[in-house]
Structure formats: C-alpha cells, structure tokens
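Trainee: I am new to this structure and would like to learn how to read it. Could you walk me through it?

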Amino acid sequence: MKKIDLHVHSTASDGSFSPQELVKLAKTQGLSAIAITDHDTVSGFALAAEAGQLMGIEVVPGIEISTKYGGPIHILGYYVDVNSEKLKPVLEWVVQDRDMRNMKIAEKMAADGIPISYDKMRQRFGEVIGRPHFARILVELGLARNTRDAFDRYVEKGQKYYMPRNFLSIERSVEIIREAGGVPVLAHPFQYKRDDAGLRDILEHCMEHGLMGMECRYSGYTQEQSAYLEALADEYGLLKTGGSDFHGISKPDIRLGEGKGSLNVPYEFLEKIKASLG
Ligand code: AMP
Ligand code: FE
Ligand code: FE
Ligand code: ZN
C-alpha cells in the first residue's frame with residue numbers, strides 16, 4: 001500500500017529539514033507523497049516540488065494557519081495556489097505581526113544579556129519566525145536543555161519572554177484557503193482539549209465558512225482515537241487526512257511518515273482530496 005504524510009514542516013517555518021531534504025527523506029522512508037505544510041507560509045513548496053520531480057515523490061502544496069477559537073486552533077490548507085494574489089497580503093500581514101512581536105522578545109532578551117539579534121535570526125531562519133526559533137537559539141547558547149525546557153522557562157505564556165501575537169480569525173483562515181483554491185482541514189483535533197460537543201462546535205462553525213476536512217490520523221493518536229475521528233468525518237461528510245507534523249530536531253520523537261511509530265496514512269486519502277478539487 002502506498003504511504004503518504006500530509007503534515008510536514010520545513011525550514012521555511014520551524015522545521016529543521018530544508019524542502020529538498022524532506023523530499024529525500026520521504027524517498028528513504030518509502031513514501032509516495034508528502035505535503036509541505038509550513039506555518040503561515042507556502043515559500044517552501046517550490047523547492048520541494050522541484051526535488052520531488054527529480055526523485056519521483058509527489059509533493060502537495062500546503063499551509064498550516066494558526067488561528068484562535070476559544071484557544072489556539074490550526075487550519076491546514078491543501079492545494080492552495082502558492083501564487084495566489086489573495087493569499088499573499090494575508091500572509092504578509094502575519095509576517096509583519098510576527099516581526100513586531102519577535103522584535104520585542106529579542107529586545108527583552110538582549111536587555112538581559114542574552115546574546116541574540118533579530119536581524120541575524122531573520123537572515124538565518126527566513127521570514128516566518130516564531131517562539132520555536134527562540135527556543136532553538138536558547139538551546140544552542142546552553143541556556144536551555146531542549147526546546148521543551150526553553151518554552152517552559154523562557155517563552156511559554158506566563159514566562160518572562162512570552163509576548164502575545166495577533167491571529168487571523170478562524171473564519172478568515174478557512175475562507176482564505178478556499179479563496180486560494182485550496183482544501184481547508186482542521187488540524188490535530190485532540191490538541192484543543194475539547195469534548196465531543198466542543199469538537200463538533202469547532203467543526204460546525206468552520207463548515208459554515210467552508211471547512212472540507214479533518215486530520216484523523218496524527219502522531220501519537222491511537223487506532224481508537226483515529227477511528228472516532230474518521231467516523232465523525234464521515235458523519236459530517238468531511239474529507240479525512242493524516243500526517244506526522246514532522247519538524248525534524250525540535251520534535252525528535254516524531255518520524256516522517258511514521259509519527260511516533262504507528263502512523264499510517266494511505267494514498268487513498270490524497271486521492272479523495274484531489275477528487276474534491278474537481
Ligand atoms: P508562535 O506562533 O511563535 O507563538 O509559536 C507557537 C508554536 O510553538 C506552536 O505552533 C508550537 O509548534 C510551538 N510550541 C508551543 N508551545 C510549545 C511547547 N511547550 N514546547 C514546544 N513547542 C511549543
Ligand atoms: Fe511548528
Ligand atoms: Fe499545528
Ligand atoms: Zn504542524
């Protein structure tokens with residue numbers, strides 16, 4: 001059976017593998033397709049697609065947009081037009097907002113003697129920078145043991161260097177993916193700590209704005225959990241998707257295509273997504 005991974009981060013956001021390296025790894029792992037779903041950017045797709053052509057790996061354009069609805073919610077978008085003139089200003093707004101927040105974090109750290117420069121971070125990490133990048137630098141400086149520790153003691157909400165940022169609304173996130181020709185999907189549904197009614201509320205609200213799918217298979221989800229999500233997706237007529245949320249070194253327990261060991265996403269999921277595009 002052909003295996004795929006529809007949730008993958010590259011160096012275009014907070015992953016540690018370049019788009020080309022991800023395609024190479026997908027080949028090694030025996031995957032037939034991967035989707036590049038960076039946070040708030042589609043800039044990793046072109047290089048991945050080029051590498052995919054050379055290596056015979058199907059590369060799906062994607063994105064993962066951070067939104068809020070009661071708490072943080074992530075919306076995945078598949079087959080968005082990466083050159084969409086509608087999507088572009090929206091993502092530019094996100095980058096500008098991130099920049100303002102990040103500069104405040106960097107200034108606060110620098111004022112406390114942590115040797116950090118936001119200009120250098122921009123040069124090194126590109127345009128979509130978030131707290132995971134600050135965490136990586138803190139680890140490199142020997143100020144934190146790992147990403148988790150860096151979050152816990154420096155940049156998690158409630159800690160000294162936490163700064164809030166603004167989010168695109170959940171409605172607009174779903175809509176903009178549709179406007180860019182893509183398929184909006186609710187990411188990792190168990191991350192939001194909702195009960196059945198709470199999850200249904202998210203789904204029903206998002207479906208009013210054009211949601212088309214739900215991520216049913218995900219790193220660490222048990223077969224029972226995935227079966228529950230798949231039944232829910234069928235009940236609502238939503239597409240089923242799945243992926244590992246591979247980030248490379250910052251989430252070392254997650255492997256591409258395999259998640260924490262038992263992830264299994266069939267090519268059939270992708271076929272149905274493609275069929276929905278008409
Ligand atoms: P930002 O969007 O810059 O505020 O960063 C949020 C991202 O940081 C999320 O998408 C997660 O990938 C990551 N993150 C949030 N909390 C933690 C944590 N406690 N440990 C590791 N990563 C985290
Ligand atoms: Fe991330
Ligand atoms: Fe996410
Ligand atoms: Zn993700």
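Mentor: Gladly! Keep in mind that this is a predicted model. We can begin with D14: at 8% relative accessibility, under the 20% cut-off, D14 counts as buried.

Trainee: Which protein donors does the iron ion (ligand 2) have?

Mentor: To read a metal site, look for the atoms that reach the ion. Here D14 (OD), H39 (NE2) and H247 (NE2) are the protein donors of the iron ion (ligand 2), at 2.0 to 2.2 Å from it. The pair D14 and H39 links distant parts of the chain, 25 residues apart: D14 sits in the loop between β1 (3–8) and α1 (19–28), and H39 in the loop between β2 (31–36) and α2 (45–55). Along the chain, the donors follow the spacing D-x24-H-x207-H.

Trainee: Is H39 buried or exposed?

Mentor: H39 counts as buried, because its relative accessibility is 11%.

Trainee: How far apart are the iron ion (ligand 2) and the zinc ion (ligand 4)?

Mentor: They are 5.0 Å apart.

Trainee: Now for the helix. Which residues of α1 are buried?

Mentor: For a helix, ask which residues are covered and where they point. In α1, the buried residues are P19, L22, V23 and A26. They lie on the same side of α1, because they cover an arc of only 100° around the axis. The exposed residues K24 and T28 are on the face turned away from that buried side.

Trainee: What covers the buried residues of α1?

Mentor: The cover includes β1, β2, α2 and β3 (58–69).

Trainee: And which residue follows α1?

Mentor: G30 follows α1, and its phi is positive, near 75°.

Key: Residues are numbered from 1 along each chain as its sequence is written. Chains are lettered from A and ligands numbered from 1 in the order in which they are written. This is a predicted model: local features need pLDDT of at least 70, side-chain atom pairs count only at pLDDT 80 or more; totals for chains, interfaces and linings use all residues. Side-chain values use heavy atoms; hydrogens and water are left out. Donors are N, O and S atoms within 2.8 Å of the metal (3.2 Å for Na, K and Ca); water is not among the atoms, so sites may look incomplete. Helices (H or I, at least four residues) and strands (E, at least two) are DSSP runs, numbered from the N terminus. Buried means under 20% relative accessible area, exposed over 50%, partly exposed in between (1.4 Å probe, protein chains only). The arc is that of the directions from the helix axis to the C-beta atoms. Contact means heavy atoms within 4.5 Å.
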